[in-house]
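Here's a walk through one protein model, from its packing to its charged pairs. Have the structure open while you read.

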Amino acid sequence: MEPISRISNLLESARELTLDAAQAARSSRSTTKSLPTAQLKKLLDSRNDREVLDGLRRVISMMYRQQKILPFFSSIVKNVASPNIEIKKLVYIYLIHHAEQEPDMALLSINTIQKSLSDTNPQVRALALRTMSGIRVPVISQIVSLAIKKGAVDMSPYVRKAAALSIPKCYRLEPTTLPQLLEYLATLLGDKQYFVAGAAVSAFMEICPDRVDLIHKHYRSLVKKIVDMDEWSQLAMLRMMTIYARKCFPRRTRNVKAKDRGTDLQDFYGEESLGPVSEGEQMVILDPDLVLLLNGIKPLLQSRNSGVVVAVARCYADIGTPEYTKASVGPLVALLRGAQDIQQVALFNIVSVCLAHPDSFVKYASHFLVRATDTAPVWELKLEVLTLIFPHTPLQTKSLILNELEHFSRGTNKSLVREAVRAIGRCALADPATAPRCMRLLLGQITSLDGTLAAESLTVIRHLIQQDPQAHTGTVVRLAKNLDSATDPQARATIIWLVGEFAGLNGEDNIAADVLRILLKGFADESEIAKRQVVLLAAKVYLHHLNRETEMQNQPEEERQGSPPPPPNSEDHPIARLWNYILLLVRYDTSYDLRDRTRLYKALLSVPQLASLMLLAPKLAPQAPSPSETRKGFMLGSAALVLAGGGGVHGLRGYESLPDWVEEGKEPDPKLRNQGGIANEYGEEKRAVPAAHILGDASSAQRGSSNGLGATAAAGTGAKTLDDWLAEDEEEEEEQEQEAEDDGEAEESEEDESEEESEEEEGSEYESDDSKAELEGFLND
């Protein structure tokens with residue numbers, strides 16, 4: 001009968017599988033239609049698991065389509081006790097979403113969920129714990145806490161992981177349970193399974209990121225597990241370790257001289273080491289545990305997740321040394337091969353690193369050339385990187401960058417043209433050796449029909465001229481000659497302003513008065529921004545005329561004899577007549593702002609000393625910093641770095657900067673990081689010494705020391721020949737053979753003794769048997 005029952009069970013299972021496959025195929029061909037409420041309730045109340053599962057799938061589908069499904073709450077909750085795990089999953093999903101709306105009905109399912117915590121299937125236990133912590137009803141907070149306590153010591157790691165992920169949910173449900181949750185969290189942080197420890201770290205960062213005392217004894221084990229964790233746990237782990245390092249490892253530095261540096265492997269072979277340390281340079285001394293962390297996260301630079309790569313770069317930038325930061329440059333550049341949104345975020349982080357270490361990106365210059373498919377934010381950041389690395393690149397790369405910028409400055413995209421011209425200006429300011437070439441490029445574009453290109457080029461030219469005014473007098477004359485061909489209002493205003501700045505050179509031989517005379521002919525046709533500069537030019541030219549007259553009057557009579565006599569009436573001078581003429585032109589202008597400015601200049605020129613202080617004061621040379629200078633200080637990978645300036649005066653809500661480095665002497669005791677009283681295997685006592693250091697110690701020992709031990713060691717090491725070494729090897733082999741023979745003789749003697757003992761035992765057994773036989777015969781008699 002048993003085979004028949006097994007065959008019937010197999011047939012029934014095959015029938016159910018066939019029906020499920022047919023239903024799945026039918027549902028994939030046709031869209032799911034909403035059934036009437038009565039029919040759905042009939043499916044949910046059915047005793048057939050297949051019909052209940054169909055009804056639950058329809059209800060969950062309606063839930064994600066924002067349809068009303070609250071009337072089915074009672075029909076769904078009673079299926080929580082179903083042994084079918086697929087039905088359990090769907091019921092739990094429904095409960096998590098709607099328990100707050102029907103808390104009384106949801107409480108009826110708590111007992112059943114608690115029973116599932118003791119199920120033999122670990123998947124059911126983990127699912128029940130996750131559901132219980134997700135039901136946001138404050139009354140069950142203590143029940144959830146007890147469930148977490150039970151799950152934290154469960155035999156299955158999946159249940160322990162669910163317990164770790166439930167801790168933040170319980171804390172949000174009832175913050176007063178924090179002391180109990182910290183006990184569970186301390187247990188889970190020391191779990192041997194990496195995915196349980198990763199979930200515990202995520203919970204730690206959410207409920208108590210400042211309790212670094214919970215991390216001390218688990219520090220080294222967590223560092224070893226970080227490579228195996230999932231990406232989300234790795235992000236939380238890197239964030240936590242950065243904070244831990246700032247609070248527990250003081251930043252130690254010392255002055256390093258050339259003679260104090262240890263001999264490395266290259267020095268041993270007679271080669272000069274790269275990057276010699278200059279005398280008095282500050283060198284950062286890293287704690288061995290911090291070195292363990294920095295080396296342990298280096299494999300994560302090859303992660304497929306861009307967020308992990310950026311997090312490692314942030315860790316190196318915040319708690320590492322420049323050498324570690326440079327190691328993350330290549331993986332950061334590799335992120336530019338991803339999607340456009342990843343490229344943009346990666347470029348924000350690349351620019352932030354490039355501001356501190358521009359020379360590390362020189363060999364990747366070709367990766368930052370603008371492509372036709374790049375979006376505006378992407379090519380803006382690429383141009384910024386090119387300008388940052390420009391001073392550190394070789395000549396051929398500088399020529400490539402300037403050719404690239406010149407090409408884009410003549411394009412049709414006005415935004416790209418503007419940024420390319422500004423980038424040329426920043427390159428000229430950063431590298432004065434290339435300033436003449438940049439100036440020639442810009443001067444060739446001031447006659448362009450594109451007003452945007454001409455205006456931006458002149459603005460950059462003005463910045464370059466202000467850096468060294470005396471060397472660009474001829475440039476100003478050339479710009480004045482091109483004034484007739486400049487049509488853009490901003491371009492004309494820039495040229496007029498530059499002419500006014502040089503109006504005091506060469507006395508009356510300056511071209512400023514003649515340029516003013518030409519401009520006044522078409523004053524009425526000028527734009528308002530150009531009119532303002534024309535009025536300012538007239539005020540400066542007239543002020544220089546007044547100052548020259550005052551100097552001539554103050555000269556002694558002997559010096560004035562050789563100079564030409566002044567005109568009888570100063571009002572008849574051409575410059576004075578030009579000033580009076582522009583006053584008349586502005587009086588009838590429609591712009592009240594222009595009229596007010598002119599009245600101000602007229603009143604100011606009545607006191608030439610005050611006017612000189614106001615109009616002829618030397619101007620500071622304008623600086624053109626990188627656009628991302630405002631983002632300095634923000635952590636890599638943070639939203640504030642990407643959205644800098646978009647969060648108002650106080651920045652983005654939720655941004656937290658890193659704590660300062662702990663002061664030396666106030667850091668926690670390093671012995672706290674010893675696991676179970678075991679000494680630090682990465683500490684100074686058992687630290688792995690590189691071969692270069694051993695060779696360096698040997699070479700220093702050969703130089704000898706004051707007590708004579710070094711000389712003895714050197715003599716013992718250097719005096720041996722090849723025959724001596726071979727003789728020692730032969731002696732060691734003979735000793736090993738002799739020990740082997742002794743061991744063999746000892747084993748043979750032990751075997752003989754054991755045989756004699758066994759014979760004696762057998763003889764004693766025979767004697768005892770004979771005595772027993774005699775005793776039995778005596779008793780029988």
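## The nonpolar cores

The largest nonpolar core holds 98 residues, and the members that touch the most others are F361, F368, I461, L479, L537, W579 and I582. Helix 29 (residues 528–554) gives this core its largest share, 10 residues. Apart from this core lies another, of 97 residues, with L53, A147, L181 and L238 among them. A nonpolar core here is a set of buried Ala, Val, Leu, Ile, Met, Phe, Trp, Tyr and Cys residues joined through side-chain atoms within 4.5 Å. Buried means under 20% relative accessible area, exposed means over 50%, and partly exposed is in between (1.4 Å probe, protein chains only).

Take I461 from the largest core: leaving aside neighbours within four places in sequence, I461 is in contact (heavy atoms within 4.5 Å) with M439, L442, L443, I446 and L479.

## How far to trust it

This is a predicted model, where local features need a pLDDT of at least 70, side-chain atom pairs count only at pLDDT 80 or more, and totals for chains, interfaces and linings use all residues. Residues are numbered from 1 along each chain as its sequence is written, and side-chain values use heavy atoms, with hydrogens and water left out.

The chain averages a pLDDT (the predictor's confidence in each residue, from 0 to 100) of 79, and 75% of the residues score at least 70. Over residues 677–695 the pLDDT is below 50, and that stretch has 20 contacts in the model beyond near neighbours in sequence. Residues 698–719 also have a pLDDT below 50, with 10 contacts counted beyond near neighbours in sequence.

## Helix 9 and its surroundings

Helix 9 (residues 141–152) has 12 residues and reaches 16 Å from its first C-alpha to its last, close to the 16 Å expected at 1.5 Å a residue. That expected span is 1.5 Å times one less than the number of residues. Helices are DSSP runs (H or I, at least four residues), numbered from the N terminus.

Which residues of helix 9 are buried? They are S141, V144, S145, A147, I148, G151 and A152. Seen down the helix axis, these buried residues fall within an arc of 160° (taken from the directions from the axis to the C-beta atoms), so they line one face of helix 9. An α-helix has 3.6 residues a turn, so residues three or four places apart point the same way. The buried residues of helix 9 pack against helix 8, helix 10 (157–173) and helix 11 (178–189).

Helix 8 (residues 122–134) includes G134, which counts as buried at 9% relative accessibility. Not counting residues up to four places away in sequence, G134 touches I96 and K169. The C-alpha atoms of G134 and S166 are 7.8 Å apart, with their positions 32 residues apart along the chain.

## Salt bridges

The structure holds 27 salt bridges, each one a side-chain nitrogen of Lys or Arg within 4 Å of a carboxyl oxygen of Asp or Glu. R160 pairs with D191, and their closest N and O atoms are 2.5 Å apart. R160 lies in helix 10 and D191 in the loop between helix 11 and helix 12 (194–207), so the pair ties together parts that are 31 residues apart in sequence. R160 is buried at 11% relative accessibility, and D191 is buried at 9%.

E456 forms a salt bridge with R422, the closest N and O atoms being 3.2 Å apart. This pair links distant parts of the chain, with E456 in helix 25 (residues 451–467) and R422 in helix 23 (residues 414–430), 34 residues apart. E456 is buried at 13%, whereas R422 is partly exposed at 36%. A network of salt bridges links R418, E419, R422 and E456.

Terms used
Helix = DSSP H or I, 4+ residues; strand = E, 2+ residues; numbered from the N terminus.
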